Amino acid sequence: DAERTGACEQRTPEIFAISGEIDAELAECVVATFADTTRELALDTEGGSVDAAMDIAEVLQGRDLTMRVEGECNSSCANYFLPLARRIVVEPDAMVLQHGGIDPWTIQRWRTRKAEFMAMQARNGRTIEEAETAFAGLLSHAEASAERQATFVQRHSVRPGWLLYRTPDSPEVHGLSDPPNRSVAILVEERMMRSCLPGVEIEPYQRTLERHWTRSFRRIGLFWVRIAPSGRAECTP
């Protein structure tokens, strides 16, 4: 449910749960609630704010957690939580979706769409000066987030293919062989996850993924919203 508000809960001394949208409020909940006794992180989130996710990642890093995907681990959840796991378990009806991080191509695309942004602001009654200020603020925030992501990638040796990294002049993904074409997001199969997160223990889940998603009637639903299984895609060094 895309409208779920974010929530966190210390279910037991060993199990902590994150669900719903990742936002600043959820990050504050994790910082205030997460217990040092936690050994397993239960996840069911569609993703959300890059900065809030990295705030949460700072709490999770270095803890050797088992991360259990109970429903969804999409977008920022996949980008910034799963690379920090010691072990990943994907439940039979669960999914991991990737649509990329905040990279140079994304920043460049926002820059080239300034005229569109300014026109939208004018329709909303903003003056040119107000629209210019708003655009500069958005771009500055995006650049700061991209720099923070770059630091995260370097610190945790995250492979660029996992974040679907692109350079400013091309939407071609670097560091990922055979990515699916014409998709908004990638349903991460076991082959891709193992190649992109080589230091993480992955509990086998391909057969259940196929039974519940890629070889079931649900694949039609994925197709209509342009979600493609990762197939033969693999991260390259």
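## A buried pair: Cys73 and Cys77

Cys77 is buried, since its relative accessibility is 0% (buried is under 20% relative accessible area, exposed over 50%, partly exposed in between, with a 1.4 Å probe and protein chains only). Its partner Cys73 is also at 0% and buried. The two are joined by a disulfide with an S to S distance of 2.1 Å (a disulfide is a pair of cysteine sulfur atoms within 2.5 Å). The torsion about this S-S bond is -100°, and the link is left-handed.

A word on the basis: this is a predicted model, where local features need pLDDT of at least 70, side-chain atom pairs count only at pLDDT 80 or more, and totals for chains, interfaces and linings use all residues. Residues are numbered from 1 along each chain as its sequence is written, and side-chain values use heavy atoms, leaving out hydrogens and water.

## The other two links

By the same rule, the count is three disulfides, paired 1-2, 3-4, 5-6 when bonded cysteines are counted along the chain. Cys8 and Cys29 have their sulfur atoms 1.8 Å apart. Cys8 sits in strand S1 and Cys29 in helix H1, 21 residues apart (helices, H or I, have at least four residues and strands, E, at least two; both are DSSP runs numbered from the N terminus). Cys8 is buried at 15%, whereas Cys29 is partly exposed at 22%.

Now to Cys196 and Cys235: their S-S torsion is about 85°, so this disulfide is right-handed. Cys196 belongs to helix H7 and Cys235 to strand S11, so the bond ties together parts 39 residues apart in sequence. Both cysteines are buried.
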